[in-house]
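This report describes selected local features of a protein model. It treats unusual backbone angles, one helix and one pocket in turn.

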Amino acid sequence: MTFSVHGQAVSRGIAIGRAVLVASSRVDVAHYFVTAEQVEREIERVRAARNVVVDEITRIREGLIETGTKEAHHELVALLEVHLMLLMDEQLTAGVKHWIVERHYNGEWALTTQLEVIGRQFDEMEDPYLRERKADLEQVVERILRQMRGEGSPVAAPPPAARRSSQQELLLDDTLDVPLVLVAHDLSPADMLQFKQSVFAGFITDVGGKTSHTAIVARSMDIPAVVGARSASQLIQQDDWVIIDGDAGVVVVDPSPIVLAEYGYKQRQGEVERERLSRLRHTPAVTLDGQKIELLANIEQPSDTATALAAGAVGVGLFRSEFLFMGRNGHLPDEDEQYLAYKAAVEGMHGLPVTIRTVDVGADKPLDHIRRADDHLNPALGLRAIRWSLSEPAMFLAQLRAILRAAAHGQVHILIPMLAHAHEIRLTLALVQKAREQLDAQGVVYGPVQLGAMIEVPAAALTVPMFLKHFDFLSVGTNDLIQYTLAIDRVDEAVAHLYDPLHPAVLQLLSRTIAEGRAQGKPVSVCGEMAGDVTMTRLLLGMGLRSFSMHPSQVLAVKQQILRSDTRKLEAWAQRLLASDEPSELLNE
Ligand code: PEP
Ligand code: MG
């Protein structure tokens, strides 16, 4: 039966495919396709791992029987027997085989998929004792997975056969080439990054807001996504057909043929539009009245520079360096590893400037599953970004040295996130100087850098002259500026409707930051999601913004808006909007 689920529209486009439900804790399991020839071997791989686990548990059980008579022993023996029974269960074995043979999933993926299927059946059981056996099933599957990992199977490394492009085509018959969409309760930004090269044509999560970092990564992958879809992961079943409408924030489950055809048409139209926009790639971003506008790219990894260049970006305005630090189970990248990554980004841009933002972990970007930010009561107001860096000076100095060294290979700017206090500015600048001195002392080569501050806390937006005294440029992080101005958690779908870039308070802070920077002749950019939102382009131009940094996928659409704009006309209109209590009513004038 067709039904739809509503959420936040976070990444444009239409995806049509079958649902793959993944438990949040299992996203780091490898997901790739095996070839027809590898199917037998893959089944055998799972069987062999399962047999090892069966042997292990049998041995433990026998040991217990031999040594003990205590009651606790009996209970343990009984539990192990349950585990053995679950391991030998036909539904598990047959299900895993089904996913490998019919879908060509790799063994780990087949196992976790079948775990979801059986887990749901357990959830629906009346008998509480049986319901609780789900945890046992999870434990035995976990054991098999660990055993398989021991064989050195790759983690989330898709072989070439699993290219995304081939998955995005709409193939409605039940062949192997059916596109897949990922459905999960939650995905961390690091999890999303793992899926960057993956087989999925779209994403749906129950939680999250428009500018949550999970949504941001989905957008950077240019894959349709809906977040904050509440109970989607409970309503959607493994293998259901789903349509993700990333423009409207709607998920249609089990669509009728007419609905499918309609969305198929929309999907093709989207492709035609992209094709049309791609012709603007080499056109300079100049307004009708001759104002040159700088269009920069936001990236998460050095390899994203290729996409940035392909989109016609003239530099990187925001390299979110924290993605090098996340999901590493506590092993942070050292100076050399970071240096190589930054150098790769600099070289990837072939002489164009690269703005590297120092690490911004915390809040919805936990370092890893172990150190989740939600350990704290109010993570968004906690030890995040520069606050964390200043609390770990050795780590921060290593990052600064790595960036300074990369600056020997091209134009590099350093951008500092979440500054608010004069003493934070002082300490940061002192550490940049110290990093230089350390490199001098070691005789290591480094290059010149421009230093910039992010304006993303209202306190900073209200004290812009203080920042202009110390920094070469400013970059406005509207995602956080909106979050902190309106006291709206950017990841909380319950208040997503109050997250409003057009609130007069936000517009006033933004406009005064741009004006004060321009008055002193210092560049001001916007690197939050607003910069890539085509409905905001005219307003930002009218406020005097001349530098925009966004996902590569947005560059051409924003350029199209710029080519059609006359800033002389937009200025007076922007002023009227700024003076209004309800600016959104004037936006489409
Ligand atoms: C912002 O806050 O607008 C920004 C660009 O930084 P991030 O989204 O990574 O917090
Ligand atoms: Mg920010």
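Arginine 230 lies in the loop that joins β6 (225-227) to α9 (232-235). The model is a predicted one, and in it this arginine has a positive phi of about 50° although it is not a glycine. Most residues other than glycine have a negative phi. Arginine 230 counts as exposed because its relative accessibility is 52%, and the cut-off for that class is over 50%.

Alanine 385 also has a positive phi, near 50°, and is likewise a residue other than glycine. Its place is in helix α13. Alanine 385 is buried, with a relative accessible area of 0%. A further positive phi, of about 70°, belongs to glycine 443, which comes just after α15. The table sets out the three angles.

| Residue | Phi | Place |
|---|---|---|
| Arginine 230 | about 50° | loop between β6 and α9 |
| Alanine 385 | near 50° | helix α13 |
| Glycine 443 | about 70° | just after α15 |

Helix α15 itself spans residues 422-442, 21 residues in total. From its first C-alpha to its last it reaches 31 Å, close to the 30 Å expected at 1.5 Å a residue.

Which residues of α15 are buried? They are Glu424, Ile425, Thr428, Leu431, Val432, Ala435 and Leu439. These residues lie on the same side of α15 because they cover an arc of only 130° around the axis. An α-helix has 3.6 residues a turn, so residues three or four places apart point the same way. The face turned away from the buried side of α15 carries the exposed residues Arg426 and Ala441.

Several elements contribute to the cover over the buried residues of α15. Among them are the helices α12 (335-348), α13 (385-391), α14 (393-406) and α17 (464-470). The strands β12 (412-416) and β13 (449-455) are also included. Helix α13, which is part of this cover, is the helix that holds alanine 385.

The remaining feature is a pocket. The second largest pocket has a volume of about 600 Å³ and a lining of 31 residues. Nearest its centre lie Ala363, Asp364, Pro379, Asp489 and Val491. Helix α18 (residues 478-486) supplies the largest share of this lining, three residues. By residue class, the lining of the second largest pocket divides into 14 nonpolar, seven polar and ten charged residues.

Methods
Residues are numbered from 1 along each chain as its sequence is written. Chains are lettered from A and ligands numbered from 1 in the order in which they are written. This is a predicted model: local features need pLDDT of at least 70, side-chain atom pairs count only at pLDDT 80 or more; totals for chains, interfaces and linings use all residues. Side-chain values use heavy atoms; hydrogens and water are left out. Helices (H or I, at least four residues) and strands (E, at least two) are DSSP runs, numbered from the N terminus. The expected span of a helix is 1.5 Å times one less than its number of residues. Buried means under 20% relative accessible area, exposed over 50%, partly exposed in between (1.4 Å probe, protein chains only). The arc is that of the directions from the helix axis to the C-beta atoms. Contact means heavy atoms within 4.5 Å. On a 1 Å grid over the protein atoms alone, a cavity is a set of points where a 1.4 Å probe fits but cannot get out, and a pocket is an open set with protein on both sides within 12 Å along at least five of seven lines; lining residues have an atom within 4 Å of a point. Grid points are joined across faces, edges and corners, and a volume is the space filled by probe spheres set on the points. Ala, Val, Leu, Ile, Met, Phe, Trp, Tyr, Cys and Pro count as nonpolar, Asp, Glu, Lys and Arg as charged, and the others, Gly among them, as polar.
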